Structures are given as structure tokens and as C-alpha cells.
Protein chains: 4
Amino acid sequence: MRLRDENKRKLIVQTAIRLFSEQPFHKVRLDDVAEAAGVGKGTVYIYFKNKEELYYSLVYEGLAELVERCRAKIAEQPTSYRENFLVIIEGLADHAVHHPQLFEIMRTVAIPDASSMWDAKRREFSELMEEVIRHGIAAGEFADPHPERTAKYFMAMIRAVMLYGSGVTDPKDLAAHVSSTLLGGIAKKSP
Amino acid sequence: MRLRDENKRKLIVQTAIRLFSEQPFHKVRLDDVAEAAGVGKGTVYIYFKNKEELYYSLVYEGLAELVERCRAKIAEQPTSYRENFLVIIEGLADHAVHHPQLFEIMRTVAIPDASSMWDAKRREFSELMEEVIRHGIAAGEFADPHPERTAKYFMAMIRAVMLYGSGVTDPKDLAAHVSSTLLGGIAKKSP
Amino acid sequence: MRLRDENKRKLIVQTAIRLFSEQPFHKVRLDDVAEAAGVGKGTVYIYFKNKEELYYSLVYEGLAELVERCRAKIAEQPTSYRENFLVIIEGLADHAVHHPQLFEIMRTVAIPDASSMWDAKRREFSELMEEVIRHGIAAGEFADPHPERTAKYFMAMIRAVMLYGSGVTDPKDLAAHVSSTLLGGIAKKSP
Amino acid sequence: MRLRDENKRKLIVQTAIRLFSEQPFHKVRLDDVAEAAGVGKGTVYIYFKNKEELYYSLVYEGLAELVERCRAKIAEQPTSYRENFLVIIEGLADHAVHHPQLFEIMRTVAIPDASSMWDAKRREFSELMEEVIRHGIAAGEFADPHPERTAKYFMAMIRAVMLYGSGVTDPKDLAAHVSSTLLGGIAKKSP
DNA sequence: AATGAATGAGAGTTCATTCAT
DNA sequence: AATGAATGAACTCTCATTCAT
């Protein structure tokens, strides 16, 4: 009796991320995933109930890692919220640059079912960001009539550049731009 | 694929938009589209080469309408670029609120093939927006080190709120927030 | 547009009867049925919801034909119930000899679900036979404490011989034996 | 297939009898048998070569027990063949009532392969019954032109009632009816 | 032009069987 | 001996596409 191997699961996940980021869901065959991962077709079904669950697992786990990373950044003591803001967006951009495939997968993910786990994770991320803004407002550093909307802008902006920008490779640069745009806007200040 | 009856074509398109915005590509059957549109299955093939082309037609036509609308706004004489900025974003938000399904479809559209018609249309939109910013910079009203990125933020921000914000119904309000965030940022100005 | 062809359905049914009588359910592949019938695999699914429904259709239709045949025999005016008895069993035996495969299929049919159509048909047959016996009792020709059981013996006896007897080919002979056994028994009458 | 632990084998057999009598062959998964029996899946393969052999073992062993039981009845000295007849049928009915699942399995057992062990056992049973009738004929108590057929009627009649009769619980009553029908028939004797 | 019956390649999934532990 | 993770052949069923009518 072989023992259930957590590495095997990870192997399947990594392979699936690659394939699903290259092709849309319906063009990726489970046979391909299995073969590319070097496991039997049935093995995939030991670790994932079906193709759809495999797919959503990728989204969920990708988001979960992102949330964790941001949570860690936020936990650090802020000197000022403005500076902290940049750090968080940097973390987000860094993650995006290092996992560009996950952004692609998140983009094509199907209509969110309110009950789905991955959608809950997405909302968790959104609420985390919202909280940051609200703290900044409370501290008198930010002014925003719709923090819940601005919270959604973070990832949207980074994603837009990741998906359609031609090969961003410097997360710091990207983060700086997003951060300065969100904080200061592009309108020239009258002196 | 002859286009005899333009009304019939529109009927199919409208039906397809609805179905594709409710289900991911692979879960929408051509039978469903035909039945919901009240035409025979074969009829769809008279107007569209195949399922994929039908799908991309929706994206393309949706984007084309959007580009047209923005182009019209831009053509209007600007009083100031700042004010014009709001008008354009209002047009974009208005379109989004009135065609939420198209946004859903655009979101899930498959990996862009650089040669695809719809992707060209997407780039066209992006370039249009970039041009607006560059004009503003030239006029001394805007300052932006990466107008090509900011151009991508427009739709991304609106889309983020459309998709995940709970039922935005006032395009003016949405546009005002996006516009003020992009223009002035959320950082409190020191007096 | 081709018209739905009732002959095509019959073709599939006939082919399926043959294959299911040669192999147990799980060894018959739908591909084989389709290929043997000379139709596409998908065509079978136009006429039957799935493999199981195809299978039960055979049983149902076989039984329905049998019931019809017996009903016709019974409708004929009886001279005496004893004589009539033979005629019915002859009909039954005749049917069995001409459709030996249906008996094989009926034998292997899965556990009857009380709600299944084919089982209702089976009960209909049983009740028909029971009625015959009861009429005979009423007419003073038969004496039987359990007509509902005897009704079940009819087909069971014929089936037993059909399935395990080595190639009965004369239905009259088979019917005569069943009939005389049921009517007179095998015990030698003391003179 | 080594038979180390005879109890474990019996456990598997008993579990399999239950499951196979509830579902047709192809719906019973070996996993289910193993789990229901509380043993590992691989363990079943230690005691039985494969699923088919497990299945046929049930049939074979069920028939073997039945044959043994009848042989014992027959071995007893007959007072008269008529009386002895009843005793044998009673044994058969008794067995049926106490092992209804085995009757269900025997019914659905696949097409007999003349070379299969279980079919040989079935023939053995048939021949045993035939012999009883022939002895009766030789003793002048019975008259039957086709003892080989009547031999097949025994079990068929009991089975018919077992399978489709609504819950027979009294084997004596069932045996009495089968016996009297076979011996004396249902036709009213003219005085 | 319009249809929907027919098709069959191809996909997801199952499950009997194996075998490392 | 016992196990259950791993396997992949084989299965059912779907559905985009075709084409006779």
C-alpha cells in the first residue's frame, strides 16, 4: 500500500496551472494534464473529484496564497498608511509577476457562484484591501467616498497590465505606478 | 454564411450574448442558442461559421460598439481635458451598466490570439484611451509616466466594479468615482 | 431535414435484442449495437435515453407483444376451459419458440423496480393468466387454492424448458406437456 | 488465491451475495463488496481470481448446497414416491425461502457457458430431479412422457413464486401447492 | 434559406486489477 | 496476508457539425 503523496497533488496542480493558462478550460483535456504530470488519468480523480473541481482548486489556492501574502504585508507595523500602501501593492504586483498564469486562470474562471469557495476567497481579498483604506481614512491620510470600490481597483489594475501589457517584468515599477495613480492621481497639481 | 436576414442574425446574437454571459463557453450548447433564439440549429451555421466564431463575434461587436461610443465622446470639443475625461468615463460606465452581459463575456473570453479580430479591437480601445491621456499631458493638464498603463486601468476599474460590485445601477456615480480616483487619487492633500 | 424514421428504431431494437441475448448487459457495448445496426452511435441516443432504457424497452416491448397475443387467444370463445387452456399455452409456447432471445433477455433483466414499466407489463401478464384460471374455477372445471401462484407457473415452466432444455423446436409438443402437467398432473390415476 | 482464513472468505461471500442480489452484476463494484465486508480491496483478490469468479462462486456454492440438501432428502427411504415427492419439494421451497437472495442471483446469472462449473451443478440438480420422476414411473406411481422437462419445472415454479409472489414465508404451503399441482393438476376430477 | 435527424470524434469518468509497502 | 494508491483500458454519453429534405 502506497501512501497518499502530497507531492503528487502538487505536481498535478502545477501542471494544471500551466495547461489551463495556455488554453481555455474546454480545450484542456484531462488526459493531457495527467500525461504532462506524468501520472495516470485515474490518479487525477483520486485527488480531485472532477475536471471542474481541479480547475477551481487552482483558482482557490492561487487566491489563498495571494491573500496570505497581503495579510502578512498588512500585519507589519505601518509607518504611514501611504508608505504601507505601496508595500502592499508591491506584494501584489510581485505575486502577479511571479505567477502570471494564475492571473490568466482567474480571468477565465467561470461566473462566480456565490457559494463557491474561490469566490469567497476573492471577497476575502477585497475586504482585506478595503480595510486598509478605511484604516487610512480613519488615520486622516486617505479620503475616499467608496473604499469598497477602490478595494476592487487594486487587483483589477494590476491584472489589466499583466494580461494586456506587453510583458511587465519589474513588479516594483508596476507597483509604483499603480500606487501613485491611486494615491495621487494623474492630474497635474496646480502649484 | 450568407447574411440574408439581418434581423435573424441579430436575434441569434442577442440570444447568444445572454447565454454566454450566464454560462462558460463549453457549457453553452449550440442547440440551446438555436432553441432560445427560436431558429433551427442549422440556421446558426448559415450566419456564423462555427461556435467559436459566433462567440468571438459577440466580443468583437461588443467592443466595436464601445470603441465607437468613446470615439464619439472624444470627438466632441474638449473644454478642458479634465472635464472631458469624466465624460468619456461616463460613456464607458454607461455602456457597462446597460450591457453588463457583454462585460461578463469579455472577461471570460479566451486567451487572446494576437491575430484575432477582437483582440485588435481591444487594442484599439486601449490606444484610444492612451491618446486621450497623451493629449492631456501635452496640454499640461496631466502628468503620467505610463499613459499606456493608465489607459488599461479605465476599463479594468469599471469592469471590476461591474463584475464584483453588488449591482451598480448608477453609471454617473461609478464614473465620478473612477474619474476622481484616476485624476486626484485618494491621498488627502495637505492644505 | 430528414424525417424521424420508425424503421430505424425497429432496426436498433432488433439488433439490440440479438446482442443482449448473446451477452450479458455489461458486456454489450453501445458502439456494438450501433455498428451492428448500421447507424451512428449518436442515433441510438436519439431514440433511447441511454443504454438502460434501450434494454428495458426490449423487455417491455417483448412482454407487451406476449400479453397481446395471449389476450387475443383468451378473447376467443371458449368451448371448454380445459380446451381453451391448451390454446393459450400453445400461444405462449409458440411465442417463446419464435422469440427465444426475448426469454433470455427477460431472464437476465435486473431486479424489478415496482415502478418500472416492464414490471407492470409482467404483472399484467400474470393477472391475465390468473383470470383464466378463476373463470375455469367459476365454471366448475378447475379447482385451485392458489390461482395467483399457478398463474406464475405458466411462463416459468415454459421458460425453464426454453432456457435449459436442449433446443425445443415444437411449440405444440411443449404446450401439450405443460398443459397436461398443469391440468392433470403426473400422478398415475388409480383406475 | 490462497484460502488462508476460511472465515474471511465466508465474510466476503456473504457480503457479495447480498450486494449481487440487490444490484445487477455491473452495478456492484468490487470496492463496495470490499468495503461492506470490511476488508481491503486487494484482499478480495486473494480469495477470488476476479469479479466474475467471485460472482460465479456464489451461484455455484448456492446450487451445490441446494443439490446436497435434495440429495439428502432423496436418500431417505421412500415410503411411496408420491409422499417422497412432497418432501423433496419441501426441501427445495425451504431452501428458497431461507436464501431468497441466492434465487435472485441464480435468476440473473449470465448466459450459461456449457463448460462452466455452475452450469454443471445446475444440470446435476436437474438430473437428480429427473431421476426421482423416473423411479416413480418405474414404480408405477407416475406417468410422464417428458420427465426431463418436468424436472425443470420444479425449481422454475418455486422460483416464479419466490421472485414475483409477494413475500411467501411459508415453505410448507408453497411446497404443497407446487407438489399437488405437479402431481394432480388443477383440473377437477370427474367423479 | 431553413431545418433538425444523423453522425462520430472525442471527452470525462469509472472501476477492475495490480503491486509497492 | 493485507492493503488501498495508482493505473489506464474501456465505457457511456455529448455535442459541434453536416446535409438530405
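## Helix packing and chain symmetry

In chain A, helix α5 (residues 81–98) packs against helix α9 (residues 171–184) of chain A at an angle of about 135 degrees, and their axes lie 8 Å apart. That angle makes α5(A) oblique to α9(A). The crossing of the two, α5(A) and α9(A), is right-handed. The model is predicted.

Which residues make the contact? From α5(A) come A:R82, A:F85, A:L86, A:I89, A:E90, A:A93, A:D94 and A:V97. They meet A:P171, A:K172, A:L174, A:A175, A:A176, A:V178, A:S179, A:L182 and A:L183 in α9(A).

Next, the chain copies. The table gives the superposition of two pairs.

| Pair | Rotation | Shift along axis | RMSD |
|---|---|---|---|
| chain D on chain C | 180 degrees | 0.0 Å | 0.2 Å |
| chain A on chain B | 180 degrees | 0.0 Å | 0.2 Å |

For chain A and chain B, the same surface serves both copies: 100% of the contact residues of chain A recur in chain B. For chain D and chain C, a rotation of 180 degrees with 0.0 Å of shift along its axis gives the superposition. That is the relation of a two-fold axis. Of the interface residues of chain D, 100% are also interface residues in chain C, so these copies meet through the same surface.

Last, the cysteines. How many disulfides are there over all chains? Counting sulfur pairs within 2.5 Å gives zero disulfides over all chains. Is A:C70 buried or exposed? A:C70 counts as buried, because its relative accessibility is 0% and the cut-off is under 20%. B:C70 is also buried, at 1% relative accessibility.

How values were computed: Residues numbered from 1 in each chain as written. Chains lettered and ligands numbered in written order. Predicted model: local features only at pLDDT ≥ 70, side-chain atom pairs only at ≥ 80, totals over all residues. Heavy atoms only, no water. Least-squares fit on C-alpha atoms with pLDDT ≥ 70 in both. Contact = heavy atoms within 4.5 Å. Buried < 20%, exposed > 50% of the residue type's maximum accessible area, 1.4 Å probe, protein only. Axes fitted to C-alpha atoms, helices over the stretch in contact; angles between N-to-C directions. Helix = DSSP H or I, 4+ residues; strand = E, 2+ residues; numbered from the N terminus. Parallel < 35°, antiparallel > 145°, perpendicular 65-115°, else oblique. Left-handed = near helix turned anticlockwise from the far one by under 90°.
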